[in-house]
Amino acid sequence: MYQILIILPEDLCSCVRMKLKRVIRRYAMAQWKAQIPMLGGITVSVLFDDEYERLRWNNPVFAVYVSCFPFAGKHEAMIHELMSEGIPICPVYLRRDVRESLPSALMHYQAIDGTGDFRSVAQKVMSAAMRCFRLVGKRKIFISYSQREGKEAAFQLYAALVQKQYKPFLDVCEFSAPCVFQEELEHELMDCDVMLVLDSGANRESDWCKREIALAHSAATGIVLVTSPYAQGALPTTLAEQIMLHAGEGSTHVPIMSLGPVRVNEILSRVDSIQARAYAARQKRLYDSLCVRTGDNSWVVRYDRNGYHFYSSRHNRLVYPVVGVPLSEDVYRAEMSYSGHRYNSYAVAYNGFCLKRAWETHFDWLSYRTDIELINL
């Protein structure tokens with residue numbers, strides 16, 4: 001059971017509070033159902049500050065502090081208790097004039113702009129919660145484009161993604177050794193849940209573009225196609241969403257693809273909508289590979305404050321899955337999750353094709369220095 005605690009503004013009257021709780025619950029649950037990775041058994045409970053005593057401290061918790069009026073100190077003790085327990089707190093401001101009227105303990109936190117409609121605010125909050133619960137990916141986006149025709153649009157989208165706290169990867173460096181360059185790109189692509197393809201038409205002739213899409217398919221990476229009106233035919237893609245540009249947004253001459261603010265926002269909205277579904281597909285592929293590898297279909301999903309795990313009752317084995325490129329930090333987090341439990345074996349499972357040789361060498365070295373088995377599926 002995942003728990004989301006909403007701390008509402010202090011000076012709300014009871015009738016407004018009741019209506020706000022009803023609206024927040026409805027939108028929050030709708031966004032959770034729309035975005036949650038479907039491995040089964042994942043439930044969420046939305047609680048409010050007047051239901052604080054119902055919080056179960058042994059389950060994962062994500063707190064949201066809603067700022068609408070200047071802070072009066074009513075929730076100060078609650079905030080400090082949450083922070084002392086290591087519970088992440090996300091501030092949301094509903095009015096720009098009180099943006100700085102947050103509790104002092106939260107002043108340095110990155111706040112969510114809640115001045116828009118409830119649907120968009122709920123989406124932002126639930127996305128932040130699922131990132132905190134490690135139920136969605138690392139917000140890494142791979143931008144695929146043609147240097148000659150898509151560079152301007154690529155930089156526009158890169159800047160917009162950074163502003164929305166994504167981690168876009170854009171090929172802007174020149175490597176002296178092509179093999180190193182290709183290895184780097186493939187490694188980065190394996191760590192992204194979404195590939196954003198600027199489909200100008202000419203890029204379809206590129207062998208590298210074809211390989212990128214093939215790799216994205218192999219890794220179950222989501223694809224958002226931004227297609228020029230002059231591109232002929234269709235790219236063969238799965239788990240993809242397509243945005244067709246109009247005449248004037250694309251041309252057969254340089255510069256080719258130039259995007260207006262409305263179009264950029266539409267593209268980012270598509271990236272938001274596909275990311276969780278793509279991550280869910282990658283999770284499911286990792287889970288299925290684990291079942292095939294072990295010949296054991298009795299694996300179940302377990303959850304704790306450190307995220308989700310796979311558990312096999314047949315072998316009394318716990319496996320910590322890592323979608324994308326695993327890090328030493330993942331091994332450390334797994335060790336923290338397993339401490340105090342008695343299982344026959346522990347493991348970190350990941351899918352390691354197309355990773356950099358230096359990274360694979362490091363993980364081979366790490367596998368000899370930990371009690372946790374590292375399974376490359």
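## Strand 6 and its partners

Strand 6 and strand 8 (residues 194-199) run parallel and are joined by 4 bridges. Here strands (DSSP E runs of at least two residues) and helices (DSSP H or I runs of at least four) are numbered from the N terminus, and two strands pair if DSSP finds at least two bridges between them. One residue of strand 6, Ser144, has Val197 of strand 8 as its bridge partner. This is a predicted model, in which local features need pLDDT of at least 70 and side-chain atom pairs count only at pLDDT 80 or more, while totals for chains, interfaces and linings use all residues. Residues are numbered from 1 along each chain as its sequence is written, and side-chain values use heavy atoms, with hydrogens and water left out.

Strand 6 also pairs with strand 7 (residues 167-169), again in the parallel sense, over 3 bridges. In this pairing Lys140 has Lys167 as its bridge partner, and Phe142 stands opposite Phe169. To get from strand 6 to strand 7 the chain passes through helix 4 (residues 151-163), and this β-α-β crossover is right-handed. Right-handed means that, with the strands pointing away from the viewer, the path from the first strand over the helix to the second runs clockwise.

## How covered is strand 6?

Strand 6 spans residues 140-144, and 5 of its 5 residues are buried. Buried stands for under 20% relative accessible area, exposed for over 50%, and partly exposed for anything in between (1.4 Å probe, protein chains only). In a regular strand the side chains alternate between the two faces of the sheet. For strand 6, Lys140, Phe142 and Ser144 lie on one side and Ile141 and Ile143 on the other, and both faces are covered.

## The sheet around it

Which strands make up this sheet, and in what order? It is an open sheet of 5 strands in the order 7-6-8-9-10, with parallel pairing. Strand 7 and strand 10 (240-244) are at the edges with a single partner strand each, so one side of each has no neighbour in the sheet. On average, neighbouring strands are turned by 20° against each other, direction ignored. Axes are lines fitted to C-alpha atoms, for helices over the stretch in contact, and angles run from 0 to 180 degrees between N-to-C directions.

Strand 9 (222-227) is joined to strand 8 by 6 parallel bridges and to strand 10 by 5, also parallel. Leu225 of strand 9 is the bridge partner of Val197 and stands opposite Gln242 in strand 10. Because 6 of its 6 residues are buried, strand 9 is largely enclosed by the rest of the structure. Its two covered faces carry Gly222, Val224 and Val226 on one side and Ile223, Leu225 and Thr227 on the other.

## Helices across the sheet

Helix 4 lies across strand 6, strand 7 and strand 8, at about 150° to strand 8. Helix 7 (residues 261-294) lies across strand 6, strand 8, strand 9 and strand 10, at about 170° to strand 10.

How do helix 4 and helix 7 meet, and at what angle? They pack at about 60°, with axes 10 Å apart. That makes helix 4 oblique to helix 7; angles under 35 degrees count as roughly parallel, over 145 as roughly antiparallel, 65 to 115 as roughly perpendicular and the rest as oblique. Leu157, Ala160 and Leu161 of helix 4 touch Val264, Ile267 and Leu268 of helix 7, where contact means heavy atoms within 4.5 Å.

## Val136, just before strand 6

Val136 sits in the loop between helix 3 (118-132) and strand 6. Its relative accessible area is 9%, so Val136 is buried. Beyond its neighbours within four places in sequence, Val136 is in contact with Ser127, Met130, Arg131, Ala276 and Tyr279. Val136 and Arg277 are 141 residues apart in sequence, yet their C-alpha atoms are 8.8 Å apart.

## Another sheet and the whole chain

A further open sheet has 5 strands in the order 2-1-3-4-5, with parallel pairing. Strand 2 (44-48) and strand 5 (112-113) are its edge strands, each pairing on one side only. Strand 3 (residues 61-67) and strand 4 (residues 89-93) share 5 parallel bridges, and Val66 stands opposite Val92 of strand 4.

Overall, the protein chain has 9 helices and 15 strands, and 52% of its 377 residues are buried.
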